[in-house]
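Student: Could we go through the charged pairs here, and could you show me how each label follows from its definition?

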Amino acid sequence: MDNLLRQIGNRILSRRKQLRMTQEELAEKAGITPQTVSSAELGKKALRPENIIRVCSALDISTDYLLLGETNTSDHSILLTKISDLPPIQYRHLEDIINSFILALEEREAQSGK
């Protein structure tokens, strides 16, 4: 259980930092205390179910991602909504970035497989 709480905490911390949010900002957006955020990120205390939902909403992630580290159709839908709002030229730039990223990952895997 402790390992699971640490994994969940790491996912909260990672996503919060990705969004450039402080613990206080996340707490305010989720309607919880900064101490609750800190305890969750450190894996010291489990979040109550209603707080899991609030944190996921504030971080724009699914509960599957937070609890299991897996993406689902909800995560995909969030990303597709963001992408669909891009002007065509930015959409094509993003496509180039994604293709380059995937190619770099494939090359890295091929090199590590040697």
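**Salt bridges and their surroundings**

Student: What makes R48 and E50 a salt bridge?

Tutor: The closest N and O atoms of R48 and E50 are 2.6 Å apart, and a salt bridge is defined as a side-chain nitrogen of Lys or Arg within 4 Å of a carboxyl oxygen of Asp or Glu, so the pair earns the name. This is a predicted model, in which local features need pLDDT of at least 70 and side-chain atom pairs count only at pLDDT 80 or more, while totals for chains, interfaces and linings use all residues. Residues are numbered from 1 along each chain as its sequence is written, and side-chain values use heavy atoms, with hydrogens and water left out.

Student: Why is E50 called partly exposed?

Tutor: E50 has a relative accessible area of 34%, and because buried means under 20%, exposed over 50% and partly exposed in between (1.4 Å probe, protein chains only), the middle label applies.

Student: How many salt bridges are there?

Tutor: The structure holds four, among them R16 with E41, whose closest N and O atoms are 2.5 Å apart. R16 lies in helix α1 (residues 2-18) and E41 in helix α3 (residues 34-41), so this pair ties together parts that are 25 residues apart in sequence. Here helices are DSSP runs (H or I, at least four residues), numbered from the N terminus.

Student: Are R16 and E41 buried or exposed?

Tutor: R16 is buried, and E41 is buried too.

Student: Which residue forms a salt bridge with R92?

Tutor: R92 pairs with E95, the closest N and O atoms being 2.6 Å apart. R92 counts as partly exposed at 47% relative accessibility, and E95 counts as partly exposed at 33%.

How values were computed
Helix = DSSP H or I, 4+ residues; strand = E, 2+ residues; numbered from the N terminus.
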